[in-house]
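Here are my notes on this model, set out as numbered points. Please read them with the structure open.

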Amino acid sequence: MTKEVCSNIGLWLLFTLLLSNYVADLEASHHVYNRLTQRSNTKSPSVNQPYRTGYHFQPPKNWMNDPNGPMIYKGIYHLFYQWNPKGAVWGNIVWAHSTSTDLINWDPHPPAIFPSEPFDINGCWSGSVTILPDGKPVILYTGIDPKNQQVQNIAEPKDLSDPYLVEWKKSPLNPLMAPDAVNGINASSFRDPTTAWLGHDKKWRVIIGSKIHRRGLAITYTSKDFLKWEKSPEPLHYDDGSGMWECPDFFPVTRFGSKGVETSSFGEPNEVLKHVLKISLDDTKHDYYTVGTYDRVGDKFVPDKGFKMDGTAPRYDYGKYYASKTFYDSAKNRRVLWGWTNESSSVEDDVEKGWSGIQTIPRKIWLDRSGKQLIQWPVREVERLRTKQVNLRNKVLNSRSRLEVYGVTAAQADVEVLFKVRNLEKADVMKASWTDPQLMCSQMNVSVKSGLGPFGLMVLASKNLEEYTSVYFRIFKAHQNSNKYVVLMCSDQSRSSLEEDNDKTTYGAFVDINPHQPLSLRALIDHSVVESFGGKGRACITSRVYPKLAIGKNSHLFAFNYGSQTVDVLSLSAWSMKSAQIS
């Protein structure tokens, strides 16, 4: 560890001590556990805790939520995130800060932004980074003022020659955007500014999440100089019944290939440019997106046919995943997605283990050539952690059979498998009432046999299957005598742990793939998290599980088929994963 990193850790601990007497009493949707946040003896997590992840980003201790302002600057990746320096529950929020050269291994720095001024004295909430035309990054973030109003502030680096951007300063002009009686903004629902973009008129635009009664809003502000902002007469987009829109994100995508596009891009002449509007719905705690067209003159986002920005919209991830944020990686010409995954254990368990919350592995994200959905895939850098590999080829899974995968560390692994389904005509017929994939997966768990499925992986499994988490497919005929099929992907946590107090919700998603072709499934397994990617990233499900038996060397991995028809494993590759260096 370098002297600089050691110094940074020392500064981080100093900031922790300085902030340890600060306790917020905030409103909005965030639950403050005052009794727990006032603890002065926050536990330092043990290095051998069975549920701490090996290669997912998480701070050494305490609560973490939303990823904030991810970016690349002078070849260094930066991740800021919401962090409680005092305890393992939400409260006392600051912008913690870490840097990396590869998005996988991270070094910590002191908090970049912490409550210090009237405009943020009750908390420094989520926001984004914008890279200005001269190359200077600036942060827009939500501060909570003495009246518990949500206001928008700006901060900029003290030293642009420092690629680590360790020190930040706040503008004396803050707050730049504030609610008042004239603009009709809900002072307790006005937060999370996006990365800004330059419009056709050379004015900056930024959107902020809000609501009025049940109407969810993406409010637009414009500025010529990035300091004086004016509210636009109309929002970028809204929905009358969805409630609060948190953590909005708005970015362009191209329908040709998987390359990323910079936020202010007008697109190359030969590109068909679309835009994605993503919101985090406070009511459901899920992230939804729509694909559409951005009217640059009218400052309006118009969803494509079939898209509606509400709880029916497609989701980035159909499991435990929220408050996501993307950035344009100019070094590799890609758009990268970060997302927060909270715990499924009790608050008391979180306090006992001394930490709560992780970030999922960063994902490259792009628009499918059909223009109908986004594709996600773990960034390639995570593959550098792969070590011992096991390969299986052309294995047959008969009805009610399992195949154990030996030779890898099953508690910390990366698995890719390709299935080939026989006898598609034997698939059960889809019922008209089966419209909710999560409900279908809950009612037809892994023990329920159907014509085609369930087949997939059992991960974090105990030897005798007292515990296991199953990730699998089922295939249905769309209608009787139909040659069209529906593919259902499930992540079943109902048997994941003998501990009864955990959240064991089962998740599900429909996967837009052709079952006449091989079906792919990838699982990133890391002690208490399973990130699953179906159909080469067309459906993603993240789960948090806490087995009592299937931990460490006692964890097992199986491919299985519990359906009535035979399924082929064309290929299965599994790797043990090294731990990332996250100081």
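Is Ala323 buried or exposed? Ala323 is buried, at a relative accessible area of 1%. Bear in mind throughout that this is a predicted model.

1. **Ala323 and its backbone.** Ala323 sits in strand β19, which spans residues 322-329. Its phi is positive, about 60°, although Ala323 is not a glycine. The residue counts as buried because its relative accessible area of 1% falls under the 20% cut-off. So check the backbone here: a positive phi, within a strand, at a buried position.

2. **Asn148, another positive phi.** Asn148 also has a positive phi of about 60° and is not a glycine. Asn148 belongs to a loop, the one that links β6 (137-144) and β7 (150-157).

3. **Gln150 and its contacts.** Gln150 lies in strand β7. The residue is buried, with 1% relative accessible area. What does the side chain of Gln150 reach at 2.9 Å? It reaches the backbone nitrogen of Phe190. The Gln150 side chain also makes a polar contact with the side chain of Arg191, at 3.2 Å. Strand β9 is the run 190-191.

4. **Two cis peptide bonds.** The bond from Asn174 to Pro175 is cis, with omega near -5°. Pro175 is placed in the loop between β8 (168-170) and β9 (190-191). The bond from Gly453 to Pro454 is cis too, with omega near 5°. Where is Pro454? Pro454 is in a strand, β29, which covers residues 452-461. Both bonds deserve a look in the viewer.

5. **The open sheet.** How many strands form the open sheet with mixed pairing? There are 5, in the order β4-β3-β2-β1-β21. β4 (107-113) and β21 (355-356) are the edge strands. Each has a single partner strand, so one side of each has no neighbour in the sheet. Strand β3 (residues 94-100) runs antiparallel to β4, and 4 bridges join the two. Trp95 has Ile113 of β4 as its bridge partner.

6. **The β17-β18 hairpin.** Strand β17 (residues 286-295) and strand β18 (residues 300-303) pair in the antiparallel sense, over 4 bridges. They form a hairpin with 4 residues between them. Asp299, in the turn, has a positive phi of about 55°. Gly292 is bridged to Pro303 of β18.

7. **Gln359, a buried polar side chain.** Gln359 is part of strand β22, residues 358-359. Its relative accessible area is 0%, so Gln359 is buried. Which backbone atom lies 2.9 Å from a polar atom of the Gln359 side chain? The partner is the backbone oxygen of Asn65.

8. **Cavities.** Searching the whole structure gives 8 cavities of 30 Å³ or more. The second largest has a volume of about 50 Å³. Its lining residues are Pro252, Val253, Thr254, Lys259, Gly260, Val261, Arg335, Ile365, Trp366 and Leu367. Which strands each supply at least two residues of this lining? They are β15 (245-254) and β23 (363-367). By type, the lining of the second largest cavity divides into 6 nonpolar, 2 polar and 2 charged residues.

9. **The annotated C-terminal span.** An unreviewed UniProt entry carries the annotation "domain: Glycosyl hydrolase family 32 C-terminal" for residues 381-576. In the model, the span is 49% strand and 4% helix. The C-alpha atoms at the ends of residues 381-576 lie 15 Å apart.

10. **Asp526.** Asp526 is in strand β33, residues 519-526. Its relative accessibility is 0%, so Asp526 counts as buried. How far apart are Asp526 and Ala411 in sequence and in space? They are 115 residues apart in sequence, but 5.9 Å apart in space, C-alpha to C-alpha.

How values were computed:
Residues are numbered from 1 along each chain as its sequence is written. This is a predicted model: local features need pLDDT of at least 70, side-chain atom pairs count only at pLDDT 80 or more; totals for chains, interfaces and linings use all residues. Side-chain values use heavy atoms; hydrogens and water are left out. Two strands pair if DSSP finds at least two bridges between them. Buried means under 20% relative accessible area, exposed over 50%, partly exposed in between (1.4 Å probe, protein chains only). UniProt positions are given in the numbering used here, feature names are shortened, and annotations may be inferred rather than shown by experiment. A polar contact is a pair of N or O atoms within 3.5 Å; within protein, one must be able to donate a hydrogen and the other to accept it, and residues adjacent in sequence count only if both atoms are side-chain atoms. On a 1 Å grid over the protein atoms alone, a cavity is a set of points where a 1.4 Å probe fits but cannot get out, and a pocket is an open set with protein on both sides within 12 Å along at least five of seven lines; lining residues have an atom within 4 Å of a point. Grid points are joined across faces, edges and corners, and a volume is the space filled by probe spheres set on the points. Ala, Val, Leu, Ile, Met, Phe, Trp, Tyr, Cys and Pro count as nonpolar, Asp, Glu, Lys and Arg as charged, and the others, Gly among them, as polar.
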